[in-house]
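User: I would like to take a close look at one part of this structure, and I am new to the subject. Please go slowly and explain each term when it comes up.

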Amino acid sequence: MDNQRLFLFVALSFVVLLIWQAWMEDYGPAPQEAATPVAGETQVAPDTGADLPVAPLDKPVASSAIPEEIVLKSAQEVVVETDVMRVVIDTNGGDLRRIDLLDYPVSTEPGAVPFRLLNDSLPNLFVLQSGLRTPDGEEPTHHAVFTTGQTSFQMADGADVLEVPLVWRSPTGVEVTKTYTFRRGSYEVGLDHTVVNNSGADWHGRQYRQLQRTQVAETGQSTFIYTYMGGVLYSPQEKYEKIGFDDMAEADLDRMVTDGWAAMIQHYFLGAVIPDAGEENRYYTKTLSGARYVMGLISPQRTIAAGASDTFSTRLFLGPKLQDEMAQTATGLQLTVDYGVLTVLARPLFIAMDWIHGVVGNWGWSIIIITLLIKLAFYKLSETSYKSMANMRKLAPRLQSLKERYGDDRQKLNQAMMELYKKEKINPLGGCLPILVQIPVFIALYWVLLESVELRQASFMLWLNDLSSPDPYYVLPLLMGATMLIQQKLNPAPLDPIQAKVMMVLPVVFTVFFAFFPSGLVLYWVVNNTLSIAQQWVITKRVEAGAK
């Protein structure tokens, strides 16, 4: 096995990975399509109240009278505006129905609307529901109707906090105030249920919080890029655990977890529910009609004496996967930026890129500089590899002569080649280890560039105004293909004519694939190939001139 074969193996493996990801995206288990609403009808999904969690209380739970109508019944909309989000809350249940992220437009086009994370319309249904379950009479679930003193809230100039209260009262005298707390510049939202018990008897209940969504393909994403959409559960025991839609359909989750959190994630954004520290919750999933999936948690039972009050508290994170903010919000929440098994390498790479971006103010230049730093870090290893290739290139005419002499006698040809390597003191595997050592770093950087929301719609220069989208004019993919061809010219030609033809086709194959890749990834490969060509050319000239 020589360097050419190693390169061929790595390249083909990468291509196979891309093909597999594309195949899974196109032909893997397809998401069940939610029924398309008829024109004029409310875009909601039918159900019978099965979305309520079962509260394992000491007493039987009194079932709520929920008609077989619709899940997302609407009462009155309450609009909330902060500096980073526009939120719509419905007084039916006090649900978070819609959230527009003001700093994240759907495209780079002028006047593009903000990205909608939560949405109460089909087919892309994604809402956050919460409430209380009790055996003591009526329940303020997400099917109950709340009241509010105003229907519009806006964070005032100079204010850092905005509170939005909604009130529910039972005929027996129990009053529940659901309060959402928004903070300036933050995607963390507080959720409190304050129970005032004026019923004259003890009140028992639990708080539940759940995310409900449909499974849909993400728009604006390359066919050849696969990212995870689905549920995530974090616990101190299991750490980061994906609970996919297929897992939810196969079996309901039912697990007791302390100091954990649950989330529904997609490529760059997430909605997460984070209970109080030290609180043990039962985490659950449900699969509902209309291809809807629920993931949530329900708290321990509390008893509130007559005349007393108590507050159930929860934190929510609803926004982009900003690693620093998520790390400050909850332990392990930053893991939703999923770098896979190479997180130990990818995380430092992102930190370095983020620091460079803070200095130069441009993610494109940050990619170029981090690529240069990686090349410098592996300079000596690369030098060993290129020296081996250069020495093999010097031997190419003599190896070809041996091939012509021995023809199809592979045993004698291999024996003669090994004798030649020994005589010339050349190790044909000398360039393999340096390349193998660098591969994990390159793959880790690939995932950093793919997963980081900071690069979403990040502008570089000229026509490259979105490093997370493909190059619209295919300039970078063509440059990458050209650099691959130049690298092949610097490498020793394979003796096998079939292998040589395959090697010549690879630049074309990679150019086609990378035409659909985010331009930030292609920029990295172009810069890396260019630096490799420069280093290899200098070393090859030195070896050919007899320099050591």
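How many bridges join β7 to strand β8, and in which sense do the two run?

Analyst: This is a predicted model, in which local features need pLDDT of at least 70 and side-chain atom pairs count only at pLDDT 80 or more, while totals for chains, interfaces and linings use all residues. Residues are numbered from 1 along each chain as its sequence is written, and side-chain values use heavy atoms, with hydrogens and water left out.

Strand β7 and strand β8 (residues 174–183) are joined by 9 bridges, and the two run antiparallel. Strands here are DSSP runs of E with at least two residues, and helices are runs of H or I with at least four, numbered from the N terminus; two strands pair if DSSP finds at least two bridges between them. As an example of how the residues face one another across this pair, Val161 stands opposite Arg183 in β8.

The pair belongs to an open sheet of 8 strands, whose order is β7-β8-β9-β19-β15-β14-β11-β12 and whose pairing is antiparallel. The edges of this sheet are β7 (161–169) and β12 (239–243), and because each has a single partner strand, one side of each is left without a neighbour in the sheet. From one strand to the next, the twist averages 20 degrees, where axes are lines fitted to C-alpha atoms, for helices over the stretch in contact, and angles run from 0 to 180 degrees between N-to-C directions.

It also helps to look at the largest nonpolar core, meaning a set of buried Ala, Val, Leu, Ile, Met, Phe, Trp, Tyr and Cys residues joined through side-chain atoms within 4.5 Å. Buried means under 20% relative accessible area, exposed over 50%, and partly exposed in between, using a 1.4 Å probe and protein chains only. This core has 112 residues, of which Tyr180 and Phe182 touch the most other members. Helix α8 (residues 432–451) gives the most to this core, with 9 residues. Another core, of 6 residues, lies apart from it, and Tyr208, Leu288, Val294 and Ile298 are among its members. As a general background, nonpolar side chains tend to be buried together in soluble globular proteins.

For comparison, another set of strands can be read in the same way. Strand β1 (residues 77–81) pairs with β2 in the antiparallel sense over 5 bridges, with Val80 opposite Val87 in β2, and a hairpin through 3 residues joins the two strands. Because 5 of the 6 residues of strand β2 (residues 85–90) are buried, this strand is largely enclosed by the rest of the structure.
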